[in-house]
Amino acid sequence: MSSSSQPAAPSRSGPRTHDVSLHNFFTPGGVLSRTHPAYEFRRGQLQMAQAVEQALAEKRHLIVEAGTGTGKTLAYLLPVIRSGKRVIISTGTKNLQEQLFYKDIPFLEQALFPNGEGKLNVCYMKGRNNYLCKKKLYDLTDHPVLSGLEEIEHYRAIAAWEKTTHTGDRAELASLPEASALWHKLDARSDTCLGQNCSAFATCFITEMRRRAMESDIIIVNHHLFFADLAIKQASEYAPDAGILPEVGAVIFDEAHELEDVAGSYFGVAVSNQRVEELARDVEASLTRNKLLSTKILSALKSLRDRSQLFFSLLPAGDGRFAFENRREFLEENGEEFLALQQSLERLGAEL
């Protein structure tokens, strides 16, 4: 677990929790001992809570390694609540996100406000691909391009659900298979988002999710969403409508050992046959809708697909990832095919 202070956001006025000190909460005879059925005093838990509180107060970084059974979530949640700051808690797994939102925070809320005299303002945010893009759905309604009866059934289910859902979270659609190819065409991925220029911006599920985050004191995300949002903000030079996460007073990274790989995936460079195919498909669909698809562009798209298929077929069997020295050796041996793929991309760009 690590904590990183963010100086930009001011403190927020939440429920009064300063009357419950860390000592009075964690020690024998305190709040936790009276409310948790399996309570046992853990000195490391109290020490961690004190260290987190001090780091938040002094606006400095803190790295904590806590063994299994320390009770680290409560050890950082209570200082976060007491700080009065708006805080992002980023986790490595969906399971921990759900534990925080559905178990740990409701427990703390009940322990701190047993008579319902206060409430914690918390939201739980997933990656953009978990949410429906209304514009994509409306475009598909006007110009249906569906593959087979299965996609038609999925489309009907999604279109009916869109009229009733308040969140646009695909988790509500239990009937939609996890591997649905149609959902991938309709999700709210950032690389196809038009932002405020979108005709559905006012009622967009991402817009609503951003509004909920602005009203929350604790925002629970995962590492992928955190770094995807940061990458978007950096690419747009921190424009006001960039990203979905608001400014905060601090960030808590739980399961921080996964940060290096996740951050590298967003601030490194990656290419795959799937991404090339997605580009070709999106270009073709957009130009077809607007009646701008020409013979030259079709030829450029075919060349791009052919070159992509050839280049990626040369990769050795496996998950497609290399150590740096292996990538360099591979490109030296297959430089002509890589150059041909690059030229195909440039040709398509010139035709557009």
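Q: Is Arg189 buried or exposed in this model?
A: A residue is called buried when its relative accessible area is under 20%. This is a predicted model, and in it Arg189 counts as buried because its relative accessibility is 14%.

Q: Where does Arg189 lie along the chain?
A: Arg189 sits in a loop, with helix H8 (181-186) on one side and helix H9 (205-214) on the other.

Q: Which polar partners does the side chain of Arg189 have?
A: To find polar partners, look for N or O atoms within 3.5 Å of each other. The side chains of Arg189 and Asp187 are joined by a polar contact of 2.9 Å. A polar atom of the Arg189 side chain also lies 3.3 Å from the backbone oxygen of His184.

Q: Which residues does Arg189 touch, leaving out those up to four places away in sequence?
A: Here the list is Arg128, Asn129, Lys136, His184 and Glu278.

Q: Let's try a whole strand. Why is strand E3 (residues 87-91) described as largely enclosed by the rest of the structure?
A: Go through the strand residue by residue. Five of the five residues in E3 are buried, so the rest of the structure largely encloses this strand.

Q: Which residues of E3 lie on each side?
A: Val87, Ile89 and Thr91 are on one side, while Ile88 and Ser90 are on the other. All of these are buried, and both faces of E3 are covered.

Q: Which strands pair with E3, and in what sense?
A: Pairing is read from the bridges between two strands. E3 pairs with strand E5 (residues 218-222) in the parallel sense, over five bridges. Strand E6 (residues 250-253) also runs parallel to E3, and four bridges join the two. To see individual partners, pick out Ile88, whose bridge partner in E5 is Ile219, and then Ser90, which stands opposite Phe253 in E6.

Q: How many residues are in the largest nonpolar core, and which have the most contacts inside it?
A: This core has 36 residues, and those with the most contacts inside it are Phe25, Phe26, Tyr76, Ile89, Leu112 and Ile218. Several elements give two or more residues to this core, including helix H1 (22-26), helix H4 (72-83), helix H5 (94-112), E3, E5 and E6. H4 gives the most, with seven residues.

Q: What does Ile89 touch, apart from residues up to four places away in sequence?
A: Ile89 touches Tyr76, Leu77, Leu100, Ile218, Ile219, Ile220, Val221 and Ile252. Another core, of 22 residues, lies apart from the largest one, and among its members are Met209, Ala213, Phe226 and Leu259.

Q: Can we practise on one more loop residue? Where is Thr27?
A: Thr27 lies in the loop between H1 and H2. Thr27 counts as buried because its relative accessibility is 10%. The Thr27 side chain reaches the backbone oxygen of His23 at 2.4 Å. Not counting residues up to four places away in sequence, Thr27 touches Ser33, Tyr39, Phe41 and Leu46.

Q: And how does a helix residue look? Where is Phe101?
A: Find Phe101 in helix H5. With a relative accessible area of 25%, Phe101 is partly exposed.

Q: Which residues does Phe101 touch, again not counting those up to four places away in sequence?
A: Phe101 touches Pro106, Val122, Cys123, Tyr124 and Ile220. Phe101 and Val122 are 21 residues apart along the chain, and their C-alpha atoms are separated by 7.8 Å.

Definitions and conventions. Residues numbered from 1 in each chain as written. Predicted model: local features only at pLDDT ≥ 70, side-chain atom pairs only at ≥ 80, totals over all residues. Heavy atoms only, no water. Buried < 20%, exposed > 50% of the residue type's maximum accessible area, 1.4 Å probe, protein only. Polar contact = N/O pair within 3.5 Å; in protein donor to acceptor, adjacent residues only side chain to side chain. Contact = heavy atoms within 4.5 Å. Core = buried A, V, L, I, M, F, W, Y, C linked by side-chain atoms within 4.5 Å.
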